[in-house]
Structure formats: C-alpha cells, structure tokens
Amino acid sequence: MAEWLYEEGIGEARAALIEKGQLVEALIEREGDAARAGAVMQGKLITTVIPKKRGIVRLISGEEVLIEPIPPRLAEGANLLVEILREAIPEEGRPKRAKGRSTQPGMKAQAGPSLLQRIRATGVPVVPCPAHEEDRLEAHGWSELMEEAISGEVGTEAAALRLYLTPAMLLIDIDGSLPPAQLGPKGAKLAAQTVRRMGLSGSIGIDLPTMNNKDERIIAAAQIDKYLPLPFERTAVNGFGFVQIIRRRERANLMELLREDPVATAALALLRRAERHGQGGSATLVAAPAIIDYLHKRPNWIEQLAKRRGGAISMQADAALAIAGGHVA
C-alpha cells in the first residue's frame with residue numbers, strides 16, 4: 001500500500017511517497033514569499049517584452065512574473081490578476097522568473113496549494129512524521145537521496161548516472177561496467193526512477209549506451225515507460241542511445257532546490273538532525289561559521305527548535321568544519 005510520509009520541519013516541509021517499502025518520490029517546500037504554482041495574485045504590468053505576446057508583471061509581493069500572452073488593450077502600468085503556472089526556477093547565472101497568464105473571468109485571488117495540500121489531493125494516505133517518533137524518512141533513505149541530488153551521481157559501478165543541469169535541459173549520462181545490451185535497460189530503469197524520485201521535469205535528455213540493434217533500444221525504452229508514471233512524452237531511443245523526455249514543469253526539482261543555496265541546505269539539514277538528537281532538552285549546534293551566521297539571522301527557527309526540544313539552544317562556529325559537517329552536541 002502506498003503512503004505519503006510528511007514532516008512539518010523547521011524552515012521547510014518534506015514529503016516522501018513510499019510504495020512497496022521504497023521511496024519513489026521526494027518533495028520539499030521551503031519557507032518563503034515566492035508565488036506557488038496555482039496561485040492567483042494581483043499584479044501590475046511593468047514591461048512589455050514582445051507587444052501583445054509577452055510581458056513582465058510585478059506582483060504585490062514584489063516578485064516579477066513573466067506572462068504570456070499580454071491581454072488585449074492592457075497597457076504598461078495597468079493592474080491585472082495573474083495565475084501562476086510555473087514557480088520561479090533557480091538557475092546558474094540567470095534565475096528563471098515565475099511564469100503565469102492573465103486569469104479567466106470569475107477567478108479570484110488565492111494562494112497556491114501548499115505541499116501538504118498537494119499530497120492530500122493525490123488521494124494517497126498521508127502519515128505525519130513528528131520529530132519525537134521514529135525517523136521514517138531516514139529509514140527509507142532520505143539522506144542518501146539528498147546526497148545524490150546534491151552530487152548529481154546515482155548508482156553503482158555496474159550502472160551509474162551522472163546528472164547535469166543546463167539552461168536548455170537536464171542531461172543524464174549513463175555509464176557502467178555491464179555490456180551495452182544489459183546496461184541500456186538497467187540504466188534506463190535507474191534514470192526513470194531518478195527522474196521520479198527527484199521530481200525532475202521539463203526537457204530531460206538521457207544518454208544511454210550505444211546498443212547494437214533496434215530490439216535492444218526498444219527494450220531499454222520500455223523500462224522508462226514502466227517506471228516513470230504518466231503524464232510524460234518521450235522520443236524513441238535513437239541509434240546513438242539518446243532519448244528525450246518531456247514532463248510538465250511547475251516548480252524547481254530537488255537538484256535545483258538543494259543546490260540553489262548550499263548554506264541554506266546545510267543549515268536546514270542541521271536543524272532536522274537537531275530536532276531528533278537525543279531525548280530533547282538543551283542542545284548546541286556546532287557548524288561552519290557560514291551556517292551559524294545564517295541561523296543567527298533567523299532567530300525564529302532557533303526559537304522553534306528550542307520549543308520543540310524543550311530546552312535552550314546555543315550555537316558554536318567551528319572554522320575547521322565543512323559546510324555540510326555540522327553536528328549537534
């Protein structure tokens with residue numbers, strides 16, 4: 001039986017879909033004011049990029065959203081309601097603005113669904129996982145998945161993936177010690193599972209090994225269809241072993257989210273460990289200076305941690321520690 005494991009963490013909410021004892025999908029939603037997919041928000045057209053086709057709207061929150069098309073007779077400076085279709089995406093060099101469209105008649109301003117609302121809407125049972133109980137996320141490999149998303153490396157010597165984020169698409173390179181006829185299907189299965197586990201979406205290119213004949217390529221492609229739930233589109237595997245997948249893109253994937261701000265990612269992971277450390281009571285967070293400085297600027301998170309543990313929280317900077325090397329004493 002499938003179930004969602006849900007954590008209302010400090011600074012972020014986390015969810016993991018468990019099927020047949022395996023973590024098949026992981027979702028994280030961090031605190032912030034950025035518009036969520038599905039929100040309807042008031043804004044003002046501030047820039048026309050392409051007349052009648054594309055413009056930039058500044059929401060009342062201050063966030064800028066790309067809209068397509070521009071409603072007829074809407075001039076710069078005019079107000080409008082915007083439906084958010086895709087959240088802002090962190091991207092190296094130039095982050096992508098959120099994308100939206102002018103609302104249909106009758107729509108009213110509303111917040112986009114939260115992570116908890118989204119997983120409840122799937123109809124799969126949701127199991128809350130408070131910090132004082134068994135760490136069920138960790139028991140299903142949560143930290144290992146987070147490390148894979150940060151490093152972009154998945155698998156073993158027999159079949160391994162390397163994931164590369166680019167502005168055009170996400171590329172997955174498959175390599176391993178198995179013969180091509182075996183590596184193709186195994187790599188395709190691993191790639192499909194990884195796409196789902198990390199919430200990879202948009203345009204995804206998978207570079208399988210070059211296989212000897214069409215039948216081998218068909219077998220490899222069938223693994224994608226088996227392990228990646230619809231909806232998605234894909235091409236056939238070409239003679240060079242390349243296949244492209246398109247999945248609807250509404251928000252940042254796990255790789256983008258965790259890599260956007262390594263200090264924030266390490267700080268939130270440390271808070272998660274601190275919630276579960278020992279039997280509660282006072283505790284000291286020991287971490288690299290950048291982590292401690294980041295947490296000092298968010299006293300409400302430390303207050304939440306103290307309340308959840310039932311004791312005072314102190315922090316200690318240790319310059320000898322790596323960003324991810326923090327611990328709780």
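S114 sits in the loop that links strand 8 (98-102) to helix 1 (115-121). In this predicted model, the relative accessible area of S114 is 16%, so the residue is buried, the cut-off being under 20%. Leaving aside residues up to four places away in sequence, S114 touches E29 and R36.

A second loop residue gives a contrasting case. A322 lies between strand 17 (313-317) and strand 18 (327-328), again in a loop. Its relative accessibility is 52%, and because exposed means over 50%, A322 counts as exposed. A322 also has a partner from elsewhere in the sequence: A288 is 34 residues away along the chain, yet the two C-alpha atoms are 6.1 Å apart in space.

These loops belong to a protein chain with nine helices and 18 strands. The radius of gyration is 22 Å, close to the 20 Å that the globule rule gives for 329 residues, and the chain is therefore as compact as a globular protein of that length. Measured out along the principal axes, the C-alpha trace spans about 65 × 60 × 40 Å.

Part of the strand content is arranged in an open sheet. Six strands form this sheet, in the order 10-11-12-13-15-14, and their pairing is mixed. Strands of a sheet pair through backbone hydrogen bonds, and the pairing can be parallel or antiparallel. At the edges are strand 10 (153-155) and strand 14 (233-234), each of which pairs on one side only. Within the sheet, strand 13 (residues 202-207) and strand 15 (residues 242-247) run antiparallel and are joined by six bridges. One position can be followed across this pair: the bridge partner of I206 is V243, in strand 15.

The contacts of the whole chain can be viewed by sequence separation. Of the contacts with a separation of 6 or more, 64% are between residues 24 or more positions apart.

Burial and surface can be read for the chain as a whole too. Of its 329 residues, 44% count as buried, S114 being one of the buried residues. The chain exposes about 17000 Å², and carbon and sulfur atoms supply 52% of that area.

Charge is the remaining topic. The protein chain carries 42 positive and 41 negative charges, and the mean positions of the two sets are 7 Å apart.

Technical notes. Residues are numbered from 1 along each chain as its sequence is written. This is a predicted model: local features need pLDDT of at least 70, side-chain atom pairs count only at pLDDT 80 or more; totals for chains, interfaces and linings use all residues. Side-chain values use heavy atoms; hydrogens and water are left out. Helices (H or I, at least four residues) and strands (E, at least two) are DSSP runs, numbered from the N terminus. The radius of gyration is taken over C-alpha atoms; the globule rule is 2.2 Å times the number of residues to the power 0.38. Buried means under 20% relative accessible area, exposed over 50%, partly exposed in between (1.4 Å probe, protein chains only). Contact means heavy atoms within 4.5 Å. Accessible areas come from the Shrake-Rupley method with a 1.4 Å probe; for residues, only the protein chains shown count as cover. Lys and Arg count as positive and Asp and Glu as negative; His and the chain ends are not counted. The place of a charge is taken as NZ of Lys, CZ of Arg, CG of Asp or CD of Glu. Two strands pair if DSSP finds at least two bridges between them.
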